[in-house]
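What follows is a walk through one structure, taken from its interior to its charged pairs. Keep the sequence at hand while reading.

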Amino acid sequence: MPKKKAGGKKKGGKKGGKKKEKKVDPAKVKAENDAKARAEKEIAKLEAGVAWIDKMREWTQRFRAQILDSFRNIDSDVDGLLSADEVRQAMQQLRAPLKDSDLESFVMCVDLDNSGSIRYLTPPETIKAYGGGVQELVEKGLERILLANKQDKADITKQLEREIISIHGGVPPPASDDEEGGGDGGEGGEGEGDDEGDGEGEGDEGEEGEGDDGDDGDGGAGEEDGDGDEGGDDDGEGDED
């Protein structure tokens, strides 16, 4: 019988050993976590800054008839235009659910063409319309704020991505034109929807079914009745409907 060749395991078998893990730089990890925390904090602040919008939208839908009455009482020359101070005055008289800082944001956002004057209706709708144009104005204004807020959050996210690339030694892509001019671009995009004719023409639509709003307004107008003129106008307008 032939003898078996002596020998052990074949040489050159599977290479053993674990793969080398990349060393983690604690400083880079900390820098990345800090950058993420800052971004999250900034985004949370932006979200808190628009928390009033839903409440204001609901309030406007309910009391749009009273808002229109207040605007028309202040609009002495009946041209459908109010100054920022006059809109601010009307909102304060009606006790709109806004803090001072939110009221300023609201007044700015309903100035759709950034002219310093707020067109709430176009004659002859200033006489016959009953709140639809005001609702359209407010909706457009609030949408401007939400669009700008969305753009700001997107800019923060992109900036974070570039910062993380830099932390790890990479070369981040340059900021886009939208990011560099984020604020102006956002307002410009919203301003394109400014078409005053579209917003004001909605006044006729506001005439339909406004009786319900008027009833709701009387129920919640206990706050407004104390203002005198507004309370009287609400009752009168309700009779017309």
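The paragraphs below cover the nonpolar cores, then the aromatic pairs, then the salt bridges. The model is predicted.

The largest nonpolar core is a convenient place to begin. This core has 31 residues, and Phe71, Val87, Met91 and Phe106 have the most contacts inside it. Helix 2, helix 3, helix 4 and helix 6 (132–167) are the elements that each give two or more residues to this core. Helix 2 supplies the largest share, eight residues. Met91 shows how such contacts are spread along the chain. With its neighbours within four places in sequence left aside, Met91 is in contact with Met56, Trp59, Ile67, Phe71, Ala96, Leu103 and Phe106. Another core lies apart from the largest one; it has five residues, among them Ala35, Ile156, Leu160 and Ile164.

Two of the residues that touch Met91, Trp59 and Phe71, return in the aromatic pairs. How many aromatic pairs does the structure hold? There are two. In one of them, Trp59 and Phe63 have ring centres 5.6 Å apart and planes at 50°, and the pair is tilted. The angle counts as tilted because edge-to-face requires over 60 degrees and stacked requires under 30. Trp59 and Phe63 both belong to helix 2 (residues 53–74), and because they are four residues apart there, about one helical turn separates them. Trp59 is buried, at 9% relative accessibility, and Phe63 is buried as well, with a relative accessible area of 5%.

The other pair consists of Phe71 and Tyr120, whose ring centres are 5.4 Å apart; their planes are at 65°, so this pair is edge-to-face. Phe71 lies in helix 2, whereas Tyr120 lies in the loop between strand 2 (117–119) and helix 5 (125–128), so the pair ties together parts that are 49 residues apart in sequence. Both Phe71 and Tyr120 are buried.

Charged side chains come next. The structure holds nine salt bridges. One of them joins Arg72 to Asp69, with the closest N and O atoms 3.2 Å apart. Both residues are in helix 2, and because they are three residues apart, about one helical turn lies between them. Is this salt bridge made by buried or exposed residues? Arg72 counts as buried because its relative accessibility is 18%, and Asp69 counts as buried because its value is 2%. The cut-off that matters here is 20%, since buried means a relative accessible area under that value.

Arg88 takes part in two of the salt bridges described here. Its side chain meets that of Asp85 at 2.4 Å, N to O. These two residues are three apart in helix 3 (residues 84–93), so they are separated by about one helical turn. Arg88 is buried, with a relative accessible area of 18%, whereas Asp85 is exposed, at 54%. Arg88 also forms a salt bridge with Glu104, at 2.8 Å from N to O. This pair links distant parts of the chain, with Arg88 in helix 3 and Glu104 in helix 4 (residues 100–109), 16 residues apart. Glu104 counts as partly exposed, at 34% relative accessibility. Elsewhere, Asp54, Arg57 and Glu139 are joined into one network by salt bridges that share partners.

Terms used. Residues numbered from 1 in each chain as written. Predicted model: local features only at pLDDT ≥ 70, side-chain atom pairs only at ≥ 80, totals over all residues. Heavy atoms only, no water. Phe/Tyr/Trp six-rings, centres within 6.5 Å; stacked < 30°, edge-to-face > 60°. Buried < 20%, exposed > 50% of the residue type's maximum accessible area, 1.4 Å probe, protein only. Salt bridge = Lys/Arg side-chain N within 4 Å of Asp/Glu carboxyl O. Core = buried A, V, L, I, M, F, W, Y, C linked by side-chain atoms within 4.5 Å. Contact = heavy atoms within 4.5 Å.
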